[in-house]
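Work through the exercises below with the sequence and the model side by side. Try each task before reading its solution.

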Amino acid sequence: MIEMRQLVIFRAVARSGSFSAAARQLGYTQPAVSQQIKAMERTLGTPLVVRSARRLQLTEAGEALCRHAVTILGVINTAQAEIQAIAGLKAGRVRVVAFPSACSALVPKAIALTRKAHPDLRVTLVEAEPPEAVGMLRAGDCEVAVAFDHPGRGGADQADVADVADVADLSVHTLFTEPLSLLLPPGHRLSGSARTEPVRLAELARESWIAGCPQCRGHLVDACKQAGFHPDIDYATDDSPAAAGLVAEGLGVALVPRLTVLGGVPAGVKVCAVEPPMERRVTAVTLPGLNSVPAVKAMIELLKKASSIAFGE
């Protein structure tokens, strides 16, 4: 029978593509990792990996085992978290994965609130965009994923973007819905100081655009298509402050969420509402089995509280 330790080692080998990298990650020696893989192959009666010039590759059997390993280890992680919850909030940890702007403007406040309310609860944070964050949640690499989607998004390109909408089997807690704002460079023809009305998206058909992550980029393309044009995207960055910096240098216009605006924009950049209005929903996502774990429940509630503080609500 395959042991859980062997599954952990095999998953590390599959992800890293080498025995030595997996050994460094797990704190084993390279021969020990190799021996465990060979033992699994003897148990199963078939090769799991093949060696190529640059990295290991999984056989068909190895790929099948890798898929099951992710599920099995995820279930075991859930069981361990629930068992730790027996001690309440006096022990345990919560691993949070969040997208960049949430990591800078939201999650630190939630972690600080958690440390104050539950000083014995350990919270760790890793940065990742929503598709990857939700994937890490499914794989058992975190307990809470802070993600976002764009409600009401449509368009032909929707299927081409790994949106976070496919979470029907997960537990989704809405933290807030925030508007997207238009950033215009200093001296832009639409950025008059007296202007108060929203900028119509169609007015920006001939502009150079600065886009965000693939998910945000797909949303931008969909919205512009509905306004009758295809955006000319010259720059793309996952870093919202970087996008604001590009706008400040007159290199294009950008749509950014309120979290970015709250962090401040460079001098001279005009922040405008856009017509039709566009928004982004920010959520805390977890596995249904973790909803009753006190530490996870507390983390989600404090994320909601941090959201209210961030927006002065």
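**Exercise 1. Find which residue of S5 is the bridge partner of alanine 98. Then describe how S5 pairs with its neighbours.**

Solution. This is a predicted model.
- Step 1: Start at alanine 98. Its bridge partner in S5 is valine 146.
- Step 2: Place that bridge between two strands. Strand S3 covers residues 93–98, and S3 and S5 pair in the parallel sense. Three bridges hold that pairing.
- Step 3: Turn to strand S13, residues 279–286. S13 and S5 run antiparallel, with five bridges joining them.
- Step 4: Pick out one position on this side. Aspartate 149 stands opposite arginine 281 in S13.

**Exercise 2. Decide which residues of S5 point one way and which the other, and whether they are buried or exposed.**

Solution.
- Step 1: Recall the rule. Side chains in a regular strand alternate between the two faces of the sheet.
- Step 2: Sort the residues. Val144, Val146 and Phe148 point one way from S5. Ala145, Ala147 and Asp149 point the other way.
- Step 3: Check the cover. Buried means under 20% relative accessible area. Six of the six residues of S5, 144–149, meet that label, so the strand is mostly covered.
- Step 4: Combine the two. Both sets are buried, the charged Asp149 included.

**Exercise 3. Locate the largest cavity and describe its lining.**

Solution.
- Step 1: Count the candidates. The whole structure holds two cavities of 30 Å³ or more.
- Step 2: Take the largest. Its volume is about 310 Å³.
- Step 3: Find its centre. The lining has 25 residues, and the closest to the centre are Gly212, Cys216, Ser240, Leu255 and Pro257.
- Step 4: Assign elements. Those giving two or more residues to this lining are helix H5 (100–105), strand S8 (208–211), helix H8 (214–226), helix H9 (240–248) and strand S10 (254–257). H8 gives the largest share, four residues.
- Step 5: Classify the lining. It divides into 14 nonpolar, six polar and five charged residues.

**Exercise 4. Set these details in the whole chain: how many helices and strands does it have?**

Solution.
- Step 1: Count the elements. The chain has eleven helices and 13 strands.
- Step 2: Box the chain. Along the principal axes, its C-alpha atoms fill roughly 75 × 50 × 30 Å.
- Step 3: Look at burial. Of the 313 residues, 47% count as buried.
- Step 4: Look at the surface. About 15,300 Å² is exposed, with carbon and sulfur atoms supplying 52% of it.
- Step 5: Look at contacts. Among those between residues at least 6 apart in sequence, 75% join residues at least 24 apart.

Key. Residues numbered from 1 in each chain as written. Predicted model: local features only at pLDDT ≥ 70, side-chain atom pairs only at ≥ 80, totals over all residues. Heavy atoms only, no water. 1 Å grid on protein atoms, 1.4 Å probe; cavity = no way out; pocket = protein on both sides within 12 Å on 5 of 7 lines; lining within 4 Å. Points joined across faces, edges and corners; volume = space filled by probe spheres on them. Buried < 20%, exposed > 50% of the residue type's maximum accessible area, 1.4 Å probe, protein only. Pairing = 2+ DSSP bridges. Contact = heavy atoms within 4.5 Å. Areas by Shrake-Rupley, 256 points an atom, 1.4 Å probe, with all protein chains shown as cover.
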